[in-house]
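Here is a small set of exercises to work through with the coordinates open beside you. Try each task before you read its solution.

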Amino acid sequence: MIGGGYVGLVSATCFAEFGLHVNVVETNPDRLNALKQGEIPIYEPGLDILVKNNIKTNRLQFFDRIEEAIPECEAIFIAVGTPPRNGDGHADMTYVHQAALQIATHLKQYAVIVTKSTVPVGTSRRIAQIIRQKNPDLEFDVASNPEFLREGDAIKDCMNPDRVIIGIEKDKADHGKKAQDIMTRLYQPLFQRETPILFTNLESAELAKYASNCFLAMKLSYVNELADLCDQVGGNIEDITKAMGLDPRIGKYFLQPGPGFGGSCFPKDTLALIRIAQEAGTPTRMIETAAQANDARKANMSGRIIQLCGGNINNKTIAILGLTFKPNTDDMRESASLPIIHRLVEGGAIIKAFDPISNEKAQPLLPKEVQYYNNIEEAATNADALVILTEWNEFRSLSPINLKRWMKKALVIDLRNIYDPKIMANEGIEYYSIGRPQKK
C-alpha cells in the first residue's frame, strides 16, 4: 500500500485484518515513526486497536522505501493524495505518477498495480503507460479499486462494505482474468459473505466513485434548498424528508439539512467531475449547480446567524459547538465552520469554540481571535448566542436548563436540527433551526 494516509492506512489495516500480509509505504518520517509505534496520526474510531493488533502479528508493516516493500507482492495499491489542483479544480496527479515511476523502477516480478486513490478517468491507463515506458519488459496489469469510506465509519465500510468496485483491463487478450483472479483472492472474505463485488472496465470503476459522491452532494444541496423553502412557507423539513425517504426510489439517507457539505471527498470530487465532463464536452450542469449552491450556503449561514442575533454582532459573544465537517472525525477540510467563523469574527463577534476532537487542529485555519475551550459549559458561559455547527453526540444530550443557566442570553441557533423545538421553547430558550417551524 503506497501511502499511509487516511485511505491507505484504513485499507491496509483492514486487508491485514482479513489475514493478508500488508506492507505500507509512508515517506513522511514523522508519520512513519508514529505508525511503526502503533500511533495513529488521524482520528478514526477503532483504527488504533486494529493497527496495533496487526503490527503484533506482523501482518502489517511500515516502510519508507518502495523497493523494500514490494518484493513478492502480488498487488500494489496506490493510495496517495489527489488534492484539487490550484486554480482549476482538476485532481493533482503528481503523487500518483511519482508512485507509478517508482514501481516501474523497482518491481521485478508480475503484480497488479491497483489505484485506490480517487482519480480522473484514464488514470489507470496512464499509469500503465508510465510503467511500460520506464520498464518495457515488466509483466503487470493495472486495476482500479475506488474506496467508499465514510470518515467516522471507515472500519465498518472497509470490513463490511455495501459493494466493492474493481475495474480491470477487459480489453486485454485474457480479458483481465489474471488481475481478476488476484483481486478475487484479496477480497475472498467478502465473497464468502456475499458482498456485492462488481468487476467493470477501468473507466467505469474510475467514474463510479465520482458518480456516487456527486449524486449524494446533489441530494444534500437539494434538501438544503427545500429547508430554506420551508422556512419561508411554513413547511417542516423533517416531515417532508420522512415522506420522501419512504419512497424506495429516493431512500432515507442524506436527507438531513445543514450548513453545507464539506470534508475530503464531496467538494473535491464535485469539482473534479465537473472538469472531467467539461473536457469531454458533456458539461454536468446539475453538479455544477449543486457545488455553487453549497458554496453560497456556507456564506449565507453566517448572514443568518447575524440576522438572528439582531443584525449586529459587534462585541457579542457567540459560542460555537463543533468545528469539524461532520462528527467522529478530526477532518477540518472544507468544513462549514471555516467561512462561518471567519465572517463572524469580521463582524466583530467574540467567538468561544469547542470541538471534542479538533480544537487544536482548527487553530491554524481560523482567525487568531477565536478562543478555544475544553468543554461545552466553558464555551457557553456568558454567551449571547450558541450555534451548533457539528452534530456530535455529546451535544445532543445537552440540558436546556443548563444552557439557560450558563448563557447570558438563551439564544440557540441549531444548524443541524439536533434539538426538539418544543422542548427548547418550553424551557424559555429562543431557538432556531433549519426548515422547521419555530415553537412559540
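The exercises below go from a sheet to helices, then to a second group of strands and a few loop residues.

The model is predicted, so local features need pLDDT of at least 70 and side-chain atom pairs count only at pLDDT 80 or more, while totals for chains, interfaces and linings use all residues. Residues are numbered from 1 along each chain as its sequence is written, and side-chain values use heavy atoms, leaving out hydrogens and water.

**Exercise 1. The open sheet**

Task: Work out the strand order of the open sheet, and find which strands stand at the edges.

Solution:
- Step 1: Helices (DSSP runs of H or I, at least four residues) and strands (runs of E, at least two) are numbered from the N terminus. Two strands pair if DSSP finds at least two bridges between them.
- Step 2: On that basis, five strands line up as E3-E4-E5-E6-E7, with mixed pairing.
- Step 3: The edges are E3 (75-78) and E7 (197-201); each has a single partner strand, so one side of each is left without a neighbour in the sheet.
- Step 4: From one strand to the next, the twist averages 30 degrees.
- Step 5: Inside the sheet, E4 (residues 111-115) pairs with E5 (residues 140-144) in the parallel sense over five bridges. Ile113 has Val142 in E5 as its bridge partner.

**Exercise 2. Helices on the sheet**

Task: Find the strands that helix H6 touches, and its angle to E5.

Solution:
- Step 1: Contact means heavy atoms within 4.5 Å. Axes are lines fitted to C-alpha atoms, for helices over the stretch in contact, and angles run from 0 to 180 degrees between N-to-C directions.
- Step 2: H5 (residues 94-106) lies across E3 and E4, at about 155 degrees to E3.
- Step 3: H6 (residues 123-134) packs on the sheet and touches E3, E4 and E5; its direction makes about 155 degrees with that of E5.

**Exercise 3. The two faces of H3**

Task: Decide which residues of H3 are buried and which exposed residues its opposite face carries.

Solution:
- Step 1: Buried means under 20% relative accessible area, exposed over 50%, and partly exposed in between (1.4 Å probe, protein chains only).
- Step 2: In H3 (residues 47-56), the buried residues are Leu47, Leu50, Val51 and Asn54.
- Step 3: These cover an arc of only 100 degrees around the axis, so they sit on the same side of H3. The arc is that of the directions from the helix axis to the C-beta atoms.
- Step 4: Ile49 and Lys56 are exposed on the face turned away from the buried side.
- Step 5: The buried residues pack against helix H1 (6-17), strand E2 (60-63) and helix H7 (154-159).
- Step 6: Just after H3, Asn58 takes a positive phi of about 65 degrees.

**Exercise 4. H10 and two other helices**

Task: Classify how H10 is placed relative to H12 and to H13.

Solution:
- Step 1: Angles under 35 degrees count as roughly parallel, over 145 as roughly antiparallel, 65 to 115 as roughly perpendicular and the rest as oblique.
- Step 2: H10 (residues 202-233) packs with H12 (residues 266-279) at an angle of about 115 degrees, their axes 9 Å apart. That makes H10 roughly perpendicular to H12.
- Step 3: Among the residues that meet here are Leu207 and Tyr210 in H10 and Phe266 and Leu273 in H12.
- Step 4: With H13 (residues 285-308), H10 packs at about 45 degrees, with axes 9 Å apart. H10 and H13 are therefore oblique to each other.
- Step 5: That contact includes Met218 and Glu225 of H10, and Ile287 and Arg297 of H13.

**Exercise 5. Strand E11**

Task: Find which residues cover the two sides of E11, and how E11 pairs with E8.

Solution:
- Step 1: In E11 (residues 385-388), Ala385 and Val387 on one side and Leu386 and Ile388 on the other are all buried.
- Step 2: E8 (residues 317-321) pairs with E11 in the parallel sense over four bridges, and Ala319 has Leu386 as its bridge partner.
- Step 3: E11 and E12 (residues 411-414) run parallel and are joined by three bridges, with Asp414 as the partner of Ile388.

**Exercise 6. Loop residues**

Task: Are His175, Asn315 and Ser117 buried or exposed?

Solution:
- Step 1: His175, in the loop between E6 (164-168) and H8 (177-186), is exposed at 54% relative accessible area. Its phi is near 60 degrees, a positive value in a residue other than glycine.
- Step 2: Asn315, in the loop between H13 and E8, counts as exposed at 57%, and its phi is also positive, about 65 degrees.
- Step 3: Ser117, in the loop between E4 and H6, counts as buried at 8%. Not counting residues up to four places away in sequence, Ser117 touches Ile78, Ala79, Val80 and Thr82.
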